Amino acid sequence: MTLTKRKTWFYFIPYGLWLGLFVIAPLALIFYQSFFNLDHHFTFSNYANYFQSLTYLKMTLNSVWYALLITVFTGLISYPTAYFLHGLKHRQFWLLLVILPTWINILLKAYAFIGIFSQAGIANQFLSFIGIGPQQILFTNASFVFVATYIQIPFMILPIYNALDDLSPAFINASQDLGASGWQTFQRVIFPLTLPGVKAGVQAVFIPSLSLFMLTRLIGGNKVITLGTAIEEHFLTTMNWGMGSTIGVVLIVAMVIVMLLTGDQKPKGGTPR
C-alpha cells in the first residue's frame with residue numbers, strides 16, 4: 001500500500017466511525033426494533049397495523065400536507081428575499097441577520113410566539129387597536145404553519161442565495177443583449193439555473209417538516225397531529241417502541257424518496273447545452 005493510500009485511509013477512519021456510530025447504527029437499531037411488539041416478540045404486525053389503520057394513514061397525509069404547505073410558503077418568501085439580498089451592497093451583513101435566528105433554540109422561539117399569539121399578546125393587542133378585537137390565534141393550524149414557516153425560512157434562503165451567487169453574470173448579460181426583458185431573463189435564465197438551490201432548499205425544509213412534533217404541541221395545541229407526534233407518543237407515553245420505530249422507518253423511506261425526487265440530476269457526458 002502506497003503512502004498516499006495510507007493517508008487516505010487514515011483520514012477516512014474518523015469519518016467512517018462517525019458515520020457508523022451516529023448514522024448507520026441508529027438507523028439499523030430503528031429498523032430492528034420495528035419488528036418487535038410490546039411483549040418483545042418478533043412480528044410483522046407493526047407494519048400491518050400501520051398500513052391498515054386509517055388513523056396512521058390520516059397522520060401520514062397530515063404530515064405530508066403540512067410539510068408541503070410549509071415548504072411552499074417558505075419558498076414563496078425565500079426566493080424573492082434571497083434575490084433581493086443578492087443585489088444589496090452589504091449583502092453579507094444582511095445575510096448574517098437572516099442566519100442569526102437559527103442560533104436561537106427552537107424551544108425559545110416557540111415560547112416567544114406563544115407570548116406573541118396569546119390573548120394578551122402583541123398580535124391581539126394590534127387587532128384590538130384596529131378595532132377587530134382579540135382572536136384565537138394560538139393553538140390553530142394557521143399559527144402552526146406560520147411559526148414553522150418562520151423557523152424554516154433561513155434554511156431555504158441560504159441554498160437559493162448560494163445558487164444566485166454562483167450564477168455567472170455573463171448569462172444575464174447575454175440574455176439582455178439578445179433583447180430579453182427582465183421577466184424573460186428571470187424566467188428563462190435565472191430561475192432555471194438556480195433551480196438546484198431551490199431543490200436543496202426543499203430538501204432542507206420539507207424533510208424536517210415531516211417529523212415536527214414540538215411545534216404541534218406548543219403552537220398547534222395538539223390539534224395538528226403528525227407522524228412526529230405519533231412517534232413521540234409511542235416512545236414516551238405508550239412505550240410501544242416497536243410501533244414508534246415502524247413509523248420512524250416509514251418517515252425515513254419518505255425522506256429518501258423526497259431526496260431522490262429533488263436531487264440534482266446532472267447530465268452525463270459533458271456540459272449541458
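**A buried threonine, a one-faced helix and two nonpolar cores**

In this predicted model, Thr-43 is buried, with a relative accessible area of 15%; the value counts as buried because it falls under the 20% cut-off. Thr-43 sits in the loop between α1 (residues 3-33) and α2 (residues 45-52). Its side chain makes a polar contact, at 2.9 Å, with the side chain of Ser-45. Once neighbours within four places in sequence are set aside, the residues in contact with Thr-43 are Phe-35, Phe-36 and Asn-37.

Further along the chain comes the region that carries a record annotation. An unreviewed UniProt entry lists residues 60-262 as "domain: ABC transmembrane type-1". Across residues 60-262 the chain is 76% helix and 0% strand, and the end C-alpha atoms of this stretch lie 20 Å apart.

Helix α5, residues 106-117, offers a good place to look at one element in detail. With 12 residues at 1.5 Å each, α5 should span 16 Å, and the 16 Å between its end C-alpha atoms therefore agrees with expectation. At the start of the helix, a side-chain oxygen of Asn-105 comes to within 2.7 Å of the backbone nitrogen of Leu-107. Which residues of α5 are buried? They are Lys-109, Ala-110, Phe-113 and Phe-117. Viewed down the helix axis, these buried residues fall within an arc of 100 degrees, so they line one face of α5. The partners against which they pack are α6 (residues 122-129), α7 (residues 141-166) and α11 (residues 214-218).

The wider packing can be followed through the nonpolar cores. The largest nonpolar core has 34 residues, and those with the most contacts inside it are Ile-70, Phe-117, Phe-144, Val-147, Ile-157, Ile-160 and Leu-215. At least two residues of this core come from each of α3 (residues 54-86), α4 (residues 91-99), α5, α6, α7, α10 (residues 195-210) and α11. The most is given by α7, with 11 residues. Phe-117 thus appears both among the buried residues of α5 and among the core residues with the most contacts.

Leu-215 gives a closer view of these surroundings. Leaving aside neighbours within four places in sequence, Leu-215 is in contact with Ile-106, Ala-110, Phe-144, Val-147, Ala-148, Ile-151 and Gly-220. Of these, Ala-110 is one of the buried residues of α5, while Phe-144 and Val-147 are listed with Leu-215 among the residues with the most contacts in the largest core. A second, separate core has 16 residues, including Ala-67, Ile-231, Met-243 and Leu-251.

Conventions:
Residues numbered from 1 in each chain as written. Predicted model: local features only at pLDDT ≥ 70, side-chain atom pairs only at ≥ 80, totals over all residues. Heavy atoms only, no water. Helix = DSSP H or I, 4+ residues; strand = E, 2+ residues; numbered from the N terminus. Buried < 20%, exposed > 50% of the residue type's maximum accessible area, 1.4 Å probe, protein only. Polar contact = N/O pair within 3.5 Å; in protein donor to acceptor, adjacent residues only side chain to side chain. Contact = heavy atoms within 4.5 Å. Expected span 1.5 Å × (residues − 1). Arc of directions from axis to C-beta. UniProt positions renumbered as here; feature names shortened; annotations may be inferred. Core = buried A, V, L, I, M, F, W, Y, C linked by side-chain atoms within 4.5 Å.
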